[in-house]
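Here are my notes for someone opening this one for the first time. Have the model on screen and follow along point by point.

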Amino acid sequence: MNICCIGAGYVGGPTMAMIARKCPDIRVTVVDINQERIDAWNSAELPVYEPGLDDVVLESRGRNLFFSTNVDDAIRAADVIFVSVNTPTKTYGVGAGRAADLRYLELCARRIAEVATGDKIVVEKSTLPVKTAESLKRVLHANSNGHHFEILSNPEFLAEGTAVADLENPDRVLIGGDDTPQGREAIAKLVSVYARWVPAERILTTNLWSSELTKLVSNALLAQRISSINSISALCEVTGADVSEVARAAGRDARIGPRFLNASVGFGGSCFQKDILNLVYLCEHYGLREVADYWESVVKINDWQKDRFVSRIIRTLFNTVAGKRIALLGFAFKKDTNDTRESAAIRVASALMDEKADIVIYDPKVTAVEVYRDLDYARGDQLAREAVQVVDDPYTALEGAHALAVLTEWDVFRELDYQRVFDKMKKPAFAFDGRNILDHQNLRKIGFEVHVIGKSPAL
Ligand code: UDX
Ligand code: UDX
């Protein structure tokens with residue numbers, strides 16, 4: 001078997017590397033239009049940071065795993081083509097701010113139809129609105145040159161930062177396809193790939209629409225848990241309850257469960273917001289206004305949570321942060337990744353820029369170039385380079401700071417020498433823990449005034 005994947009991003013790269021590791025007899029080629037990205041995949045410095053990923057790639061690269069920009073050759077050689085290109089939220093025209101922009105996907109379909117010299121199985125790996133497969137089918141069939149294209153949906157459930165472990169040992173693999181002889185045959189072929197390492201009972205097969213919708217629903221339900229607990233965190237701050245105690249006690253109910261109930265400065269990442277907005281748009285399209293409003297509120301609470309965090313910083317620093325040095329610890333949307341898409345840190349830093357704070361940022365894996373690009377893009381201006389300093393050492397960031405704010409739960413932030421930090425900072429020294437990872441008792445003993453999401457200042 002010969003597999004090709006179009007799109008060498010956070011999803012396509014790691015997923016194909018795992019397939020290549022588990023199936024040494026299958027030739028796997030990952031292609032991308034971005035030459036720089038492909039060069040990075042072929043170098044010692046991979047474009048995606050994921051614990052354990054280097055080993056998986058090195059094991060197979062050059063053996064049965066290849067990275068290339070030659071899209072056409074890879075399409076022609078493949079029996080199975082995964083499409084894992086980005087599907088961002090539309091920023092223009094009808095559905096702007098909500099609908100998924102499917103132009104990259106459509107381009108891929110047209111390309112596949114144009115260059116294919118035989119039958120292909122085309123697998124949607126990107127997260128897509130329900131019924132996208134229908135459009136894919138029509139584009140492919142209308143340009144088929146007599147070849148047969150069978151469409152499958154196989155959404156990815158890996159989380160960044162734990163991608164290798166999630167791929168190695170997934171809770172489930174979901175494969176959707178048509179209930180026709182050719183559809184069933186294609187499903188069986190893809191099942192046989194995953195069955196090399198995933199137990200049969202964890203491989204679920206459904207129709208195309210269920211598979212497409214399940215991906216959106218899974219992310220919406222996960223994000224909803226965070227927005228639910230974050231809404232309660234605000235109530236805790238004013239009532240004297242402690243949100244981590246509430247989450248621990250409520251999560252003890254097996255029906256609720258303990259995971260994904262950490263109150264935070266807000267969820268980020270490429271999927272949650274995009275997929276919920278996508279769901280909202282879909283509901284609107286079908287005239288389900290109430291359902292759309294219900295899910296949209298999950299995103300609204302998330303933005304409110306980020307703004308609330310900033311307000312608390314400003315209020316605490318005597319209602320002005322102008323000219324005050326504020327050290328932001330972390331810029332990635334979560335630990336163990338260099339991905340910053342939709343990171344809460346972007347909105348927090350931007351709001352502090354508006355208040356004319358003197359911002360300094362340290363993140364173990366995010367580069368200064370990325371920080372500036374994200375801020376300029378989010379703000380639509382070019383002010384970040386002037387207003388924000390990005391440093392490569394946490395102690396440098398904290399030198400002379402009035403306040404520190406933890407925005408990403410990187411382990412290194414737990415392990416800093418906080419006595420040394422305190423000695424370097426302006427007094428009173430404030431610590432805002434947006435991820436609830438620091439040892440607050442110890443910090444208070446040293447002399448910090450500590451503020452934690454979901455705890456009233458008195459706690
Ligand atoms: C993306 C989507 O965000 C996600 O919804 C989907 O499930 C998988 O694809 P990710 O892999 O994290 O996730 O995105 P990204 O890192 O941006 O990778 C997409 C890649 O596709 C980029 O490297 C881009 O250059 C490439 N691409 C895009 C193509 O090769 N051809 C195109 O026409 C468009
Ligand atoms: C998510 C889904 O988990 C994954 O299954 C899907 O395929 C893609 O989207 P990812 O975006 O990589 O994965 O990260 P995830 O671990 O889900 O975290 C998302 C955001 O929620 C992060 O910003 C994280 O810090 C935040 N979060 C998570 C919380 O604020 N509290 C929690 O309890 C859990």
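1. A term to start with: a polar contact here is a pair of N or O atoms within 3.5 Å. One such pair joins a backbone N or O atom of G268 to an oxygen atom of ligand 2, at 2.9 Å. Keep in mind throughout that this is a predicted model.

2. Let's stay with ligand 2. Its shell has 20 residues, and E160, S264, F333, K334 and R435 come nearest. The side chain of S264 also puts a polar atom 2.6 Å from an oxygen atom of the ligand. From F157 it is a polar backbone atom that sits 2.9 Å from a ligand oxygen. How much of the accessible area of ligand 2 does the protein cover? On its own the ligand has 660 Å², and 91% of that is covered.

3. What is the shell around ligand 2 made of, by class? It divides into 11 nonpolar, four polar and five charged residues. Helix α9, residues 208–239, gives the most to this shell, with four residues.

4. Now go over to ligand 1. It is surrounded by 19 residues, the closest being V11, D32, R37, K274 and R341. Sorted by class, six residues of this shell are nonpolar, eight are polar and five are charged.

5. Look at the backbone around ligand 1 too. A polar backbone atom of V11 is 2.9 Å from an oxygen atom of the ligand. For Y10 the matching distance, again from a polar backbone atom to a ligand oxygen, is 3.0 Å, and for I33 it is 3.1 Å. Taken alone, ligand 1 exposes 690 Å², of which the protein buries 91%.

6. Next, pick out strand β12, residues 403–406. Side chains in a regular strand alternate between the two faces of the sheet. Here A403 and A405 point one way while L404 and V406 point the other way, and all are buried.

7. Which strands pair with β12? Strand β9, residues 325–329, runs parallel to β12 and is joined to it by four bridges. Strand β13, residues 430–433, also pairs with β12 in the parallel sense, over four bridges. V406 is a handy place to see both pairings: L329 stands opposite V406, and in β13 the bridge partner of V406 is D433.

8. How many disulfides are there? A search of the whole structure finds zero. Take C108: the closest cysteine sulfur, in C4, is 9.2 Å from its own, which is too far for a bond, because a disulfide needs the two sulfur atoms within 2.5 Å. C271 is in no disulfide either, as the nearest cysteine sulfur, that of C5, is 15 Å away.

9. Are these two cysteines buried or exposed? C108 has a relative accessible area of 10%, so it is buried. C271 comes out at 21% and counts as partly exposed, because the buried class stops under 20%.

10. Last stop, K445. You'll find this lysine in helix α19, residues 440–446. Its relative accessible area is 72%, so K445 is exposed. Along the sequence K445 and Q419 are 26 residues apart, while in space their C-alpha atoms are 9.7 Å apart.

Methods
Residues numbered from 1 in each chain as written. Chains lettered and ligands numbered in written order. Predicted model: local features only at pLDDT ≥ 70, side-chain atom pairs only at ≥ 80, totals over all residues. Heavy atoms only, no water. Buried < 20%, exposed > 50% of the residue type's maximum accessible area, 1.4 Å probe, protein only. Near = heavy atom within 4 Å. Polar contact = N/O pair within 3.5 Å; in protein donor to acceptor, adjacent residues only side chain to side chain. Areas by Shrake-Rupley, 256 points an atom, 1.4 Å probe, with all protein chains shown as cover. Nonpolar A, V, L, I, M, F, W, Y, C, P; charged D, E, K, R; others polar. Helix = DSSP H or I, 4+ residues; strand = E, 2+ residues; numbered from the N terminus. Pairing = 2+ DSSP bridges.
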